[in-house]
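Thank you all for coming; please have a look at the model on the screen, and I will then talk through some of the charged side chains and how they pair.

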Amino acid sequence: IKKLLSSFSDRRWRTWEGGPGWMVSGVDPETGMPTRSGAQFKPDQPYLPKNAKPDTKPRKYLNSEGFDTSPLFLDTGDAGFWEFTRSRWQYPIVITEGAKKAGALLTLGMATVSIPGVWNAQKDCKFKPDLESFFVTGRQVYLAFDADVMQKSGVFFALDRLGRYLTAAGCVVSILDWYSDAEDAPKGID
């Protein structure tokens, strides 16, 4: 975990004192080889630096030092899975927030990419490089963001923008919705 977070350095996580948590990394979608790009660590207790300002929100997920926030392509056990999916527009893709949600859908046989936050499928008005070649004319793309899309305007705008970019690329976009006012309503697709 320390190597993933580069907490030995004088940078980002140097004040993280360690502790248990959950870590996941994925594979390069072109080669199927393991990569730290897109890797995430979820400490059991959300991370708040010692010198944080009083209104700082603790971080539930930490990403690898030296890597941009990237989509996470989980290892399916088949090194050619993501390249096969990429090369066949007939296979739908689900975009969701978080590795656990992507893993849940992958176990059902659905090609699912995790993005680390609703704004992280695109950068500078373009798709992230790992995603761009997946979004081709005719591909069905399901956006499976968390239910907070109706409560948080930022999440709604991110969903709207991603949907518009996908449509402009020729994809057929569907938004999966499970928003409910009920207290026991599901948060996400998992």
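D160 counts as partly exposed because its relative accessibility is 30%, where partly exposed lies between buried, under 20% relative accessible area, and exposed, over 50%, computed with a 1.4 Å probe and protein chains only. This is a predicted model, in which local features need pLDDT of at least 70 and side-chain atom pairs count only at pLDDT 80 or more, while totals for chains, interfaces and linings use all residues. Residues are numbered from 1 along each chain as its sequence is written, and side-chain values use heavy atoms, with hydrogens and water left out.

What does D160 pair with? Its partner in a salt bridge is R164, with the closest N and O atoms 2.9 Å apart; the term stands for a side-chain nitrogen of Lys or Arg within 4 Å of a carboxyl oxygen of Asp or Glu. The two residues are four apart in helix α5, so about one helical turn separates them, and R164, at 56% relative accessibility, is exposed.

By this rule there are three salt bridges. Another joins the side chains of R86 and E83, at 3.2 Å from N to O, and both of these residues sit in helix α2 (residues 81-87), three residues apart. Here R86 is buried, at 13%, whereas E83 is partly exposed, at 31%.

The side chains of K101 and D146 also meet in a salt bridge, at 3.4 Å from N to O. K101 belongs to helix α3 and D146 to the loop between β8 (140-144) and α5, so this pair ties together parts 45 residues apart in sequence. K101 is buried at 11% relative accessibility, and D146 is buried at 6%.
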